[in-house]
Amino acid sequence: MSIWEYANPKKFLTTSERLLPPLWGLSAVLMLGGLIWGFFFTPDDYRQGATVKIIYLHVPAALMAINAWFMMLVASLIWVIRRHHVSALAARAAAPVGIVMTLIALVTGAIWGQPMWGTWWAWDPRLTSFLVLFLFYLGYIALWEAIDNPDTAADLTAILCLVGSVFAVLSRYAVNFWNQGLHQGASLSLDKEENVADVFAYPLYACMAGFAVFFVALVFYRTGTEIRARRMAALIARERMAADA
């Protein structure tokens with residue numbers, strides 16, 4: 001079996017409809033379990049107090065905001081190289097999910113940063129690159145809506161996605177690129193000697209996994225919706241052509 005089989009819209013719809021119920025269930029268990037565990041069953045931090053618990057929303061949302069853009073990049077490149085319509089529609093379907101994740105990360109970051117930094121916003125490298133990433137999401141969605149020809153829209157948004165990937169990388173590694181800035185380094189890292197304490201890390205892992213599964217489920221669901229909308233538009237166009245003839 002080849003992964004390219006799922007470039008067939010019918011095959012994709014059949015498979016995604018079968019996978020969606022367990023994905024919804026697993027994401028609910030992981031997200032709710034992780035959030036309840038983190039917010040109600042972990043201690044306050046000795047420096048940040050109860051404020052630190054916003055990490056269970058902020059970190060998973062920020063992670064998915066960046067990874068959603070990379071997923072869109074991969075799907076867009078598949079479209080450019082192999083011209084598989086499902087991949088283009090998957091990239092389009094992921095964009096609204098990614099922009100919501102980016103917005104959650106920005107808002108929770110401001111709420112977290114205000115008591116820590118004494119300000120709701122600072123032109124920190126990571127914060128600024130994340131704001132630019134949010135604007136790229138807006139531009140990507142607007143470009144899809146502005147162009148009537150879906151293939152042309154897919155081509156142009158693929159180019160925009162490639163350019164925006166620079167800021168996705170900067171959002172992820174800005175703290176490593178620049179030593180200056182208020183934003184702390186990564187809380188979880190394989191090459192870091194000191195990570196967040198286990199009492200905070202385990203529920204955070206659950207939240208991150210839950211957000212990831214939830215993202216996959218939403219992309220499957222929205223891609224199926226895009227495929228059906230494309231089919232409906234094609235049928236309407238055929239009926240109009242038949243009526244004009």
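Here's a quick look at ring contacts and enclosed space in this predicted model.

Residue numbers start from 1 along each chain as its sequence is written, and side-chain values use heavy atoms, leaving out hydrogens and water. Local features need pLDDT of at least 70 and side-chain atom pairs count only at pLDDT 80 or more, while totals for chains, interfaces and linings use all residues.

**Rings**

Searching the whole structure turns up 8 aromatic pairs. Here, rings of Phe, Tyr and Trp (its six-membered ring) pair if their centres lie within 6.5 Å; planes under 30 degrees apart are stacked, over 60 edge-to-face, the rest tilted. Two of them are tabulated.

| Pair | Centre to centre | Angle between planes | Type |
|---|---|---|---|
| W24 and Y221 | 6.4 Å | 65 degrees | edge-to-face |
| Y202 and Y205 | 6.3 Å | 50 degrees | tilted |

W24 (helix α1, residues 9-40) and Y221 (helix α6, residues 198-244) sit 197 residues apart, so this pair links distant parts of the chain; helices are DSSP runs (H or I, at least four residues) numbered from the N terminus. Y202 and Y205 share helix α6, 3 residues apart, about one turn.

W24 is partly exposed at 31% relative accessible area, and Y221 is too, at 48%. That label covers what falls between buried (under 20%) and exposed (over 50%), using a 1.4 Å probe and protein chains only.

Elsewhere, ring pairs join W69, F136, Y137 and Y140 into a cluster.

Note on methods:
Helix = DSSP H or I, 4+ residues; strand = E, 2+ residues; numbered from the N terminus.
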